[in-house]
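Hi,

Here is the structure I said I would pass on. Have a look at it first, and then read my notes below.

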Amino acid sequence: DMPATPSNAPPKPPALLMLHPTLDLPPPPEPCFGQYPRGFIAAVLAELRCARDEVLHVCSGALTEGWRVDLRQAARPTLRADCRALPLRGGSIPAVLIDPPYTPEYADRLYGTDYPTPASLLREAARVVRPSGRIGFVHFIVPNPPPRSRLVQVIALAVGCGYALRAVTIFEREQDALPGIT
């Protein structure tokens, strides 16, 4: 056998399409249901402006690290709860990362749960995240900002050819007004 040269080298898989340089991820492993692409969390931490162990992962699925909230016991979350009504104090979480089922059909068929609308998940995330804390939302859509929050940026995420793009939308909770200042 001849060593591979540029003229006879096998084709390489295409690079991932990234529209934001902070999410320039290596090629993902074989698809695995209910997980983020390899390197995703490390890359998105800069956008969430927090440490890895400060992120609350909502609709955590098969994730095995950090603080995880999921309705399904089979996901083995840190906290089993409906992500639309978190049993957490308001303003107590540095950052939230949400990767919910994308459609009512996904919620029913893949998870056996009701569909948590993006608006309901984001409203609850905005309640529990601290002022100036950030919320990352992974979905096929770019949702409207939740109450008292602003849109920071939208990042396109692709895991390879033949897969749909997902939007990683970053929101920031506004500062609370100081008493007596208008």
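Before the notes, one term: an angle between two elements runs from 0 to 180 degrees and is taken between their N-to-C directions, with each axis being a line fitted to C-alpha atoms. Also keep in mind that this is a predicted model.

With that in hand, start at α3, which lies across β1, β4, β5, β6 and β7 (166-173) and runs at about 155° to β5.

Now the sheet itself. It is open and has 7 strands, in the order β3-β2-β1-β4-β5-β7-β6, with mixed pairing. β3 (79-80) and β6 (149-157) each have a single partner strand, so they stand at the edges with one side left without a neighbour in the sheet. Further in, β1 and β4 are paired in the parallel sense, over 4 bridges. Val58 has Ile98 of β4 as its bridge partner.

Those two residues turn up again in the largest nonpolar core, which has 19 residues; Val58 and Ile98 are among those with the most contacts inside it, along with Leu56, Val96, Leu121 and Ile135. Two or more residues each come from β1 (55-58), β4 (93-98), α3 (118-128) and β5 (129-139). Which element gives the largest share of this core? That is α3, with 5 residues.

Leu121 is a good one to click on. Beyond its neighbours within four places in sequence, Leu121 is in contact with Val58, Cys59, Cys83, Arg84, Ile98, Pro100, Pro116 and Phe137. Apart from this core lies another, of 17 residues, including Tyr36, Leu97, Ile155 and Leu157.

Cheers

How values were computed
Residues are numbered from 1 along each chain as its sequence is written. This is a predicted model: local features need pLDDT of at least 70, side-chain atom pairs count only at pLDDT 80 or more; totals for chains, interfaces and linings use all residues. Side-chain values use heavy atoms; hydrogens and water are left out. A nonpolar core is a set of buried Ala, Val, Leu, Ile, Met, Phe, Trp, Tyr and Cys residues joined through side-chain atoms within 4.5 Å. Buried means under 20% relative accessible area, exposed over 50%, partly exposed in between (1.4 Å probe, protein chains only). Contact means heavy atoms within 4.5 Å. Two strands pair if DSSP finds at least two bridges between them.
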